[in-house]
Amino acid sequence: MLQARNRIKRVQRHSQSLIRVGALALVISLTAVPTASHAAVTIARPIRGVPAETIQASPARHVTPLVHHVRVVSVGAELADFTPNPTPADGYVVTLIHQDFPAHAWHDAEAVAWCESKFRTTDIGFDSNGTHDRGLFQLNDGGTEQYLMAMIGQNPKNLNLAFNPVLNVRAAALLYARDGWSQWSCESAI
(Lines give C-alpha, C1' and ligand atoms only; values in the text may rest on other atoms or scores of the structure.)
Protein backbone atom coordinates (compact mmCIF):
# COMPACT_ATOMS: atom_id res chain seq x y z
CA MET A 1 0.00 0.00 0.00
CA LEU A 2 2.86 2.35 0.91
CA GLN A 3 4.61 1.55 -2.37
CA ALA A 4 1.45 2.33 -4.34
CA ARG A 5 1.04 5.68 -2.55
CA ASN A 6 4.69 6.61 -3.30
CA ARG A 7 4.24 5.61 -6.94
CA ILE A 8 1.14 7.84 -7.22
CA LYS A 9 3.06 10.78 -5.72
CA ARG A 10 5.91 10.28 -8.22
CA VAL A 11 3.45 10.17 -11.12
CA GLN A 12 1.77 13.35 -9.86
CA ARG A 13 5.12 15.17 -9.59
CA HIS A 14 6.12 13.93 -13.04
CA SER A 15 2.76 15.03 -14.49
CA GLN A 16 3.08 18.45 -12.91
CA SER A 17 6.55 18.92 -14.39
CA LEU A 18 5.25 17.84 -17.82
CA ILE A 19 2.43 20.35 -17.57
CA ARG A 20 4.92 23.11 -16.64
CA VAL A 21 7.21 22.21 -19.52
CA GLY A 22 4.26 22.07 -21.92
CA ALA A 23 2.97 25.44 -20.72
CA LEU A 24 6.43 26.96 -21.10
CA ALA A 25 6.76 25.51 -24.60
CA LEU A 26 3.36 26.97 -25.52
CA VAL A 27 4.32 30.42 -24.24
CA ILE A 28 7.61 30.32 -26.13
CA SER A 29 5.95 29.16 -29.34
CA LEU A 30 3.30 31.85 -29.15
CA THR A 31 5.86 34.58 -28.63
CA ALA A 32 8.14 33.25 -31.36
CA VAL A 33 5.45 32.89 -34.05
CA PRO A 34 5.51 35.89 -36.40
CA THR A 35 2.28 37.80 -36.63
CA ALA A 36 1.17 40.46 -39.07
CA SER A 37 2.00 43.86 -37.73
CA HIS A 38 -0.44 46.74 -37.96
CA ALA A 39 2.08 48.50 -40.19
CA ALA A 40 2.03 45.65 -42.71
CA VAL A 41 -1.73 45.39 -43.24
CA THR A 42 -4.37 47.90 -42.30
CA ILE A 43 -8.04 48.06 -43.12
CA ALA A 44 -9.14 51.34 -44.63
CA ARG A 45 -12.58 52.89 -44.97
CA PRO A 46 -14.72 51.16 -47.61
CA ILE A 47 -15.04 52.81 -50.99
CA ARG A 48 -18.51 52.35 -52.46
CA GLY A 49 -19.15 49.39 -50.18
CA VAL A 50 -15.96 47.51 -51.09
CA PRO A 51 -13.71 46.67 -48.14
CA ALA A 52 -10.34 48.22 -48.90
CA GLU A 53 -7.18 46.66 -47.64
CA THR A 54 -3.90 48.55 -47.72
CA ILE A 55 -1.06 46.18 -48.45
CA GLN A 56 2.52 47.15 -47.77
CA ALA A 57 5.09 45.23 -49.78
CA SER A 58 8.20 43.95 -48.11
CA PRO A 59 11.25 45.89 -49.32
CA ALA A 60 13.40 42.75 -49.18
CA ARG A 61 11.08 40.81 -51.49
CA HIS A 62 9.97 43.35 -54.06
CA VAL A 63 12.64 46.05 -54.27
CA THR A 64 16.02 46.01 -55.92
CA PRO A 65 18.96 46.34 -53.51
CA LEU A 66 19.76 49.91 -54.65
CA VAL A 67 16.26 51.25 -54.02
CA HIS A 68 14.86 51.11 -50.49
CA HIS A 69 11.26 52.27 -50.44
CA VAL A 70 7.96 50.81 -49.41
CA ARG A 71 4.96 50.82 -51.73
CA VAL A 72 1.56 51.18 -50.14
CA VAL A 73 -1.44 50.61 -52.39
CA SER A 74 -5.10 50.75 -51.49
CA VAL A 75 -7.19 48.02 -53.09
CA GLY A 76 -10.07 50.48 -53.39
CA ALA A 77 -7.86 52.94 -55.23
CA GLU A 78 -6.70 50.20 -57.56
CA LEU A 79 -10.29 49.25 -58.39
CA ALA A 80 -11.24 52.85 -59.13
CA ASP A 81 -8.95 52.66 -62.18
CA PHE A 82 -11.10 49.89 -63.69
CA THR A 83 -14.69 50.25 -62.59
CA PRO A 84 -16.90 52.93 -61.07
CA ASN A 85 -18.91 50.27 -59.21
CA PRO A 86 -16.47 47.77 -57.67
CA THR A 87 -17.82 44.70 -55.92
CA PRO A 88 -16.36 42.73 -53.02
CA ALA A 89 -15.39 40.04 -55.53
CA ASP A 90 -13.35 42.63 -57.44
CA GLY A 91 -11.53 43.51 -54.24
CA TYR A 92 -10.81 39.84 -53.65
CA VAL A 93 -9.29 39.50 -57.13
CA VAL A 94 -7.04 42.50 -56.56
CA THR A 95 -5.94 41.07 -53.22
CA LEU A 96 -5.06 37.76 -54.93
CA ILE A 97 -3.05 39.60 -57.57
CA HIS A 98 -1.16 41.45 -54.83
CA GLN A 99 -0.34 38.12 -53.18
CA ASP A 100 1.10 36.36 -56.22
CA PHE A 101 2.52 39.03 -58.52
CA PRO A 102 5.56 41.17 -57.70
CA ALA A 103 4.63 44.67 -56.51
CA HIS A 104 5.97 46.36 -59.63
CA ALA A 105 3.52 44.32 -61.75
CA TRP A 106 0.37 44.73 -59.64
CA HIS A 107 -1.30 47.44 -61.69
CA ASP A 108 -0.38 45.81 -65.00
CA ALA A 109 -1.72 42.45 -63.78
CA GLU A 110 -4.97 44.09 -62.71
CA ALA A 111 -5.25 45.83 -66.10
CA VAL A 112 -4.69 42.55 -67.96
CA ALA A 113 -7.16 40.61 -65.79
CA TRP A 114 -9.76 43.37 -66.18
CA CYS A 115 -9.27 43.48 -69.95
CA GLU A 116 -9.37 39.69 -70.27
CA SER A 117 -12.34 38.88 -67.99
CA LYS A 118 -13.60 41.99 -66.16
CA PHE A 119 -12.48 40.09 -63.01
CA ARG A 120 -15.12 37.39 -63.68
CA THR A 121 -13.75 34.10 -62.39
CA THR A 122 -15.97 31.94 -64.63
CA ASP A 123 -15.40 33.81 -67.88
CA ILE A 124 -14.83 31.64 -70.98
CA GLY A 125 -13.40 32.85 -74.27
CA PHE A 126 -13.76 30.86 -77.49
CA ASP A 127 -10.80 30.91 -79.89
CA SER A 128 -10.98 30.37 -83.64
CA ASN A 129 -8.66 27.33 -83.33
CA GLY A 130 -11.22 25.49 -81.15
CA THR A 131 -9.51 26.09 -77.82
CA HIS A 132 -10.98 27.97 -74.88
CA ASP A 133 -9.63 30.64 -72.56
CA ARG A 134 -10.74 30.27 -68.95
CA GLY A 135 -11.00 32.30 -65.78
CA LEU A 136 -9.63 35.64 -64.64
CA PHE A 137 -6.51 35.63 -66.79
CA GLN A 138 -8.10 33.60 -69.61
CA LEU A 139 -5.67 30.68 -69.49
CA ASN A 140 -5.81 28.75 -72.76
CA ASP A 141 -6.75 25.06 -72.57
CA GLY A 142 -4.71 24.26 -75.68
CA GLY A 143 -1.76 23.31 -73.46
CA THR A 144 -0.85 26.47 -71.57
CA GLU A 145 -3.41 25.94 -68.82
CA GLN A 146 -2.42 22.30 -68.36
CA TYR A 147 1.28 23.16 -68.19
CA LEU A 148 0.71 25.93 -65.64
CA MET A 149 -1.56 23.83 -63.43
CA ALA A 150 1.05 21.07 -63.37
CA MET A 151 3.73 23.63 -62.49
CA ILE A 152 1.76 24.83 -59.45
CA GLY A 153 1.13 21.25 -58.32
CA GLN A 154 -2.42 20.76 -59.59
CA ASN A 155 -3.97 18.09 -61.79
CA PRO A 156 -3.39 19.29 -65.38
CA LYS A 157 -6.29 17.16 -66.66
CA ASN A 158 -8.86 19.04 -64.55
CA LEU A 159 -9.74 21.97 -66.80
CA ASN A 160 -12.15 23.40 -64.21
CA LEU A 161 -9.21 24.45 -62.01
CA ALA A 162 -8.76 27.58 -64.14
CA PHE A 163 -12.09 28.80 -62.73
CA ASN A 164 -10.61 28.78 -59.22
CA PRO A 165 -9.44 32.40 -58.79
CA VAL A 166 -6.59 31.50 -56.43
CA LEU A 167 -5.15 28.93 -58.85
CA ASN A 168 -5.80 31.08 -61.92
CA VAL A 169 -3.93 34.06 -60.48
CA ARG A 170 -1.09 31.84 -59.23
CA ALA A 171 -0.75 30.23 -62.66
CA ALA A 172 -0.89 33.62 -64.38
CA ALA A 173 1.85 34.93 -62.09
CA LEU A 174 4.01 31.95 -63.06
CA LEU A 175 3.39 32.60 -66.76
CA TYR A 176 4.16 36.30 -66.26
CA ALA A 177 7.43 35.43 -64.50
CA ARG A 178 8.38 33.25 -67.45
CA ASP A 179 7.22 35.36 -70.43
CA GLY A 180 6.13 38.79 -69.22
CA TRP A 181 2.80 39.95 -70.69
CA SER A 182 3.48 38.60 -74.20
CA GLN A 183 1.12 35.62 -73.73
CA TRP A 184 -1.97 37.82 -73.28
CA SER A 185 -3.81 39.61 -76.05
CA CYS A 186 -4.63 42.30 -73.48
CA GLU A 187 -0.96 43.21 -73.18
CA SER A 188 -1.98 46.35 -75.07
CA ALA A 189 -4.19 47.38 -72.10
CA ILE A 190 -1.08 48.07 -70.02
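These are my notebook entries on what I looked up in this structure, which is a predicted model.

**Entry 1: overall layout**

I began by listing the elements, and I found 7 helices and 6 strands in the protein. Reading from the N terminus on, I wrote their order down as α-β-β-α-β-α-α-α-β-β-β-α-α. I then looked up burial, and buried residues make up 35% of the 190 residues. For contacts with a separation of 6 or more, I noted that 45% join residues 24 or more positions apart.

**Entry 2: the nonpolar core**

I looked next for the largest nonpolar core, which has 33 residues, and I marked I97, F101, F119, F137, M149, W181 and W184 as those with the most contacts inside it. The elements that give two or more residues to this core are α4 (88-100), α5 (106-117), α6 (144-151) and α7 (165-179), and α7 gives the most, with 7 residues. As background I reminded myself that nonpolar side chains tend to be buried together in soluble globular proteins.

I took I97 as one example from the core and looked up what it touches, leaving aside residues up to four places away in sequence: the list is W106, A109, E110, A113, F137 and V169.

**Entry 3: aromatic rings**

I counted the aromatic pairs and arrived at 7. In one of them, the rings of W114 and F119 have their centres 5.1 Å apart and their planes at 80°, and because an angle over 60 degrees counts as edge-to-face, I recorded the pair as such. I also checked the accessibility of W114 and F119, and both are buried. Elsewhere in my list, F101, F137, Y176, W181 and W184 form one aromatic cluster.

**Entry 4: an open sheet**

I then turned to the strands and found an open sheet of 3 strands in the order β4-β5-β6, with antiparallel pairing. I noted that β4 (124-126) and β6 (139-140) stand at the edges, each with a single partner strand, so one side of each has no neighbour in the sheet. Strand β5 (residues 132-134) pairs with β6 in the antiparallel sense over 2 bridges, and when I looked up R134, I found its bridge partner in β6 to be L139.

**Entry 5: R134**

Is R134, which lies in strand β5, buried or exposed? Its relative accessibility is 12%, and since buried means under 20%, R134 counts as buried. I looked for polar partners of its side chain and found a polar contact of 2.9 Å with the side chain of D141. Not counting residues up to four places away in sequence, R134 touches D123, L139, D141, E145, L159, A162, F163 and N168.

**Entry 6: helix α6**

One residue on that contact list, E145, led me to α6, where the buried residues are E145, L148 and M149. Looking down the axis of α6, I saw that these buried residues fall within an arc of 100°, so they line one face of the helix. I set beside this the general point that an α-helix has 3.6 residues a turn, so residues three or four places apart point the same way. I also asked myself what covers the buried residues of α6. The covering elements include β5, β6 and α7. Last, I looked at what follows α6 and found G153, whose phi is positive, near 85°.

Methods. Residues numbered from 1 in each chain as written. Predicted model: local features only at pLDDT ≥ 70, side-chain atom pairs only at ≥ 80, totals over all residues. Heavy atoms only, no water. Core = buried A, V, L, I, M, F, W, Y, C linked by side-chain atoms within 4.5 Å. Buried < 20%, exposed > 50% of the residue type's maximum accessible area, 1.4 Å probe, protein only. Helix = DSSP H or I, 4+ residues; strand = E, 2+ residues; numbered from the N terminus. Contact = heavy atoms within 4.5 Å. Phe/Tyr/Trp six-rings, centres within 6.5 Å; stacked < 30°, edge-to-face > 60°. Pairing = 2+ DSSP bridges. Arc of directions from axis to C-beta. Polar contact = N/O pair within 3.5 Å; in protein donor to acceptor, adjacent residues only side chain to side chain.
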